Amino acid sequence: MARAKVTVDKGADGVAVITVDYPPVNAISTEVQNALFRTFTQLHSDQGVKAIVLKGANGKFCGGGDIRGFQKIQEKGGSKPVVAAIQGFALGGGLELAMACNARITAPDVQLGLVELQLGIIPGLGGTQRLPRLVGLQRAIDMLLASKTLDSKEALKVGLVDDVVAHSDLLAAARKWALDIHEGYRPWHRSLQSIDKIGSLPKALDVLENARAKVKKTYTNVSYPSVLLDVIKEGLVNGAVAGVILEGKACQDLIRTPEAKGLMHVFFAQRSSSRVPGITDRGLIPHPIRKAAVVGGALMGSGIATALALSKIPVILKEVDSKQLDAGIRKIHANLKNRASSGKITEEEARRSIALVKGVLDYEDFYNVDIVIEAVTENIPLKQKIFYELEQACPSHCILATNTSSIDLEVIGANIKSQDRLIGAHFFSPAHVMRLLEIVRTNKTSLQTIVDLLGLSKSLKKVPVVVKSSPGFAVNRVFFPYGMGAHLLADLGVDPYRIDAVIKSFGMPMGPFRMADLGGFQTGILVGKIWLQAYPDRVYASQLMNLMYNDKRLGESSGKGYYNYHGSRKEHPAPELKQYLDRSRKLSGLSPPDKIADITDQEITEMIFFPVINEACRVLEEKVVISSSDLDIASVLGMAFPAYRGGIAFWGDHIGAGYIFSKLLNWTNMYGNFFKPSEALEKCATQKIPLAQLPLQGASRL
């Protein structure tokens, strides 16, 4: 492990340059903090030093850490001005370190931001007080709540930095700026003492109250956004020093909360998912993807093609006829236009991306593609036919990928010889927006093919999770009980609209019935048959969706499903749902106990999510995923499970295997095998083993 170093170079101009060198990101560890404290103390008392420049080594300023020692010196009013020379990034505590300096000079393309709220905490080193005083209160609140980063140009515009210069000029510019402050040619700014961008106290408090109203609507079940506003208010009302004191205490209190622990777990899970034991540690280098092809231009195919084009990869889109091809190309154009209109890309970037897409009706142009991704409907004979044709049309090095969401890859590729190049690339809809990519391997998929797809995921800015091929893979398999549990409750007599409201209050973006409307009943029924065939021992097959489908209620796309839509995407309760519920309940054969009428919101949540945790235990025990943290990040990014709960397995451990097992066992006795605890969960419960330690046999994974 690299050792931390803090070095000083005193120049003939009277400027001392302090360099923090602690790979990989120059974090301010306790060792660095102590060294900085000693160094600044010495330099402030050195008569030969006029000013100080602070920088990081190896082209990076600082990625965060503890700067309390430095802060103590600066707030006491050191006798020498300090200028931060910033390259690479200044994030979290790193930006707080820079804001504690008297000026900030950056190179181009630097990223700056206070990103602590994505970890469930707030800045703890003065950031909540300095940022509003540098960039203005409203902008600071927006940046903090969104964990937003700014590039150098944006930071200069809003006043977060004082100048942007070329990399080669950075140190010289910082030295001159520091000397200019010393000589009185430039103002000596101390950020905690600045109030000109705050405005009057009444107006500032109005801004805070408006922000608090938005926070109350947007952030449910978590406390850190409100704590942030409380701390900012303290600094406005009682002064910045009082705000800093409260900030430090609040930050330490938040670190111990369940939501902070959950968000930190998700943060590290996301960063570890691309490191796959036995695959990425073999020294294999990803082959570049210079040209790609997508077969199928419907919702998923057009989204995948959009993602490829946005990553500057030329892509061929193939369809079966001109009408469907034109529709697919229009979808891609619309995707890119929407990205441009929302400010995520420029109009020029949208035009360049569109130019990378070519529509075709045959395989003639597939002779030099590096990867082809099949994205047609979930029809096994059709997929088998396509892969047979692709093997003939594509070069021998081409990756043969399928976007199937649930079909075993060995079934799809049954008719091809190139089993080593067969792999799943399961995107989530919309493919150019959703960040998760399930990389599905068979026992015959080569390590190089997996490494190549991991490389592509990085180019596409996706978070990859490598999984073993099996029906439903990881995310869809783990969550197939989610909708079934909701339908079982509905057949027992619970109002579907109440179920949706409860699950939304839990933190999901929508309830299971609204989600079924969004996905469409045709897909829901088709996937339900796959689960029934794959896992017949634990499927609950409600007739509710089938009854509505037979009456041409197809979900949101048809304007009516569990809800009515009245020509818009806004859902409205459907009075006619009652007749379908009555018929489905009679067909279910369930005999609801009297107490189902008194079911609590907590019981609804548990009866829907505990079967999901149960299936997660099976997935872990069967080694479908490499680790529980992979399943956690997949559940957050793939199914929008609340990140502050840490993912499905992490939340299961928070609840406790013993409690989950006992509840499932009780419901099994009452309602049948849909709730039957898995052997893996039973072992965790009886042996008091965390779910995170599954699989229990300790064999190598995948």
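This report describes salt bridges, a charged surface patch and one buried aromatic residue in a predicted model.

## Salt bridges across the chain

A search of the whole structure yields 28 salt bridges. One of them joins the side chains of Asp-13 and Arg-175, with an N to O distance of 3.0 Å. This pair connects distant parts of the chain, as its members are 162 residues apart. Asp-13 belongs to the loop between β1 (5–10) and β2 (15–21), while Arg-175 is part of helix α7 (residues 170–183).

The two partners differ in accessibility class. Asp-13 has 27% relative accessibility and is therefore partly exposed. Arg-175 has a relative accessible area of 16%, so it counts as buried, the cut-off for that class being under 20%.

## A pair within helix α7

A further salt bridge is formed by Asp-180 and Lys-176, whose closest N and O atoms lie 3.0 Å apart. Both residues are in helix α7, and because they are four residues apart there, about one helical turn separates them.

Asp-180 is buried, at a relative accessible area of 11%. Lys-176, in contrast, counts as exposed because its relative accessibility is 51%, and the exposed class begins over 50%.

## A shared network

The side chains of Asp-537 and Arg-538 also meet in a salt bridge, at 3.4 Å from N to O. Arg-538 is classed as buried, with 9% relative accessibility. These two residues belong to one network, in which salt bridges with shared partners join Arg-477, Asp-537, Arg-538, Glu-615, Arg-618 and Glu-622.

## A positive surface patch

Arg-139, Lys-148, Lys-157 and Lys-197 form a positive surface patch. Within this group, Arg-139 is located in helix α5 (residues 137–146). Its relative accessibility is 40%, so Arg-139 counts as partly exposed. That value is compatible with patch membership because the patch criterion requires over 30% relative accessible area and no salt bridge.

## The surroundings of Phe-428

Phe-428 lies in the loop between β15 (422–427) and β16 (436–441). Despite its place in a loop, Phe-428 is buried, with a relative accessible area of 7%.

Which residues are in contact with Phe-428, leaving aside its neighbours within four places in sequence? They are Met-300, Met-434, Leu-436, Glu-438, Val-475 and Gly-638. Phe-428 can also be related to Leu-637: the two are 209 residues apart in sequence, yet their C-alpha atoms are 9.0 Å apart in space.

Methods: Residues are numbered from 1 along each chain as its sequence is written. This is a predicted model: local features need pLDDT of at least 70, side-chain atom pairs count only at pLDDT 80 or more; totals for chains, interfaces and linings use all residues. Side-chain values use heavy atoms; hydrogens and water are left out. Patches are made of residues with over 30% relative accessible area and no salt bridge: like charges are joined within 9 Å, nonpolar side chains (Val, Leu, Ile, Met, Phe, Trp, Tyr) within 5 Å. Accessible areas come from the Shrake-Rupley method with a 1.4 Å probe; for residues, only the protein chains shown count as cover. A salt bridge is a side-chain nitrogen of Lys or Arg within 4 Å of a carboxyl oxygen of Asp or Glu. Lys and Arg count as positive and Asp and Glu as negative; His and the chain ends are not counted. The place of a charge is taken as NZ of Lys, CZ of Arg, CG of Asp or CD of Glu. Helices (H or I, at least four residues) and strands (E, at least two) are DSSP runs, numbered from the N terminus. Buried means under 20% relative accessible area, exposed over 50%, partly exposed in between (1.4 Å probe, protein chains only). Contact means heavy atoms within 4.5 Å.
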